[in-house]
Amino acid sequence: MKHLKLTSLNGAGRTTVRVGSVAFGTDFVVIAGPCSVESEEQTLQTAHAVREAGANMLRGGVFKPRTSPYAFQGLGLQGLKILARAREETGLPIVTEVLDTRDVSWVSEYADMLQVGARNMQNFSLLKEVGKSSRPVLLKRGMHSTIEEWLSAAEYVLAEGNPNVVLCERGIRTFETYTRNTLDLNSVPAAKELTHLPVITDPSHGCGRVNLIPTMALASVAAGADGMMIEVHCKPEEALSDKDQALTPDVFSVMMRKVRSLSRYMQELA
Ligand code: PEP
Ligand code: MN
């Protein structure tokens, strides 16, 4: 892939992307939290529960890219303030999605890491804007994007001067309808072979079904991922978005013990 200049591995060694004390590419990083920030109570409760279970970072959307304009769109600034409070209480750095170029700079005042979502992976204006930011970027793979297009999107961010990009495989659309998406685990070793950037997975959006998530999380570790993002909700049945893929803190906690243990074993094998 000739046009990958700054992201290409080139034998120079792997990049570590730091978000506070969290080191993607060095440590196995687990990001967990609700799909959406819905209220202070819901977010703080979930934040404490995921930290208890051993998560390294907190996630939560405050601008939600919903298929329907009538679905919950997120709390915006109020949600960012709730996330900041959760960080204060738990010490977990926060990552949140930014949808609009106009929001990058002020959202960066609250968030430790900016997420570019699957639907915006080829929003080149947004990629350039986060490329000018000093915040690390979590770049989801578009659900219709090839590996090459995904890596080219990362190249946009680096080309603007921001070297801190973490790639996230979140599943692609295939003919399969049983699962929400098809988590393309091929892309993990592929992206690690082609670039020096850390690569994580998002089994929650990748399968969209609670029962499959812990298994696909373990498969991600075996595929060589540098971490993962998992949606957790204390009352999944009441979630305002993505309720079918929200793990309860109990299920998350059991999954985490297995993930940590397999990750240690993978390190021994390396
Ligand atoms: C999310 O992380 O909640 C999200 C909307 O992800 P994606 O962009 O991968 O659909
Ligand atoms: Mn979600």
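The following legends describe views of one predicted protein model.

Residues are numbered from 1 along each chain as its sequence is written, while chains are lettered from A and ligands numbered from 1 in the order in which they are written. In this predicted model, local features need pLDDT of at least 70, side-chain atom pairs count only at pLDDT 80 or more, and totals for chains, interfaces and linings use all residues; side-chain values use heavy atoms, with hydrogens and water left out.

**Figure 1. The fold of the chain.** The chain contains 9 helices and 10 strands; these are DSSP runs numbered from the N terminus, helices being H or I of at least four residues and strands E of at least two. Its C-alpha atoms fill a box of roughly 50 × 45 × 40 Å along the principal axes. Of the 270 residues, 54% count as buried (under 20% relative accessible area, with exposed over 50% and partly exposed in between; 1.4 Å probe, protein chains only). Among contacts (heavy atoms within 4.5 Å) between residues at least 6 apart in sequence, 70% join residues at least 24 apart.

**Figure 2. The manganese site.** Four protein residues donate to the manganese ion (ligand 2): C35 through SG, H205 through NE2, E231 through OE and D242 through OD, at 2.0 to 2.4 Å from the ion. Donors are N, O and S atoms within 2.8 Å of the metal (3.2 Å for Na, K and Ca); water is not among the atoms, so sites may look incomplete. Along the chain, the donors follow the spacing C-x169-H-x25-E-x10-D. H205 belongs to helix α7 (residues 203-207) and E231 to strand β10 (residues 227-231), so this pair ties together parts that are 26 residues apart in sequence.

**Figure 3. Burial of H205 and E231.** H205 has a relative accessible area of 8% and is therefore buried. E231, at 1% relative accessibility, also counts as buried.

**Figure 4. The surroundings of C35.** The metal donor C35 is found in the loop between β3 (29-33) and α1 (40-52). C35 counts as buried because its relative accessibility is 7%. Apart from neighbours within four places in sequence, C35 is in contact with R59, G60, G61, K64, E231, S241 and D242. Two of these partners, E231 and D242, are also donors of the manganese ion. By contrast, the C-alpha atoms of C35 and A12 are separated by 36 Å, although the two residues are 23 apart along the chain.
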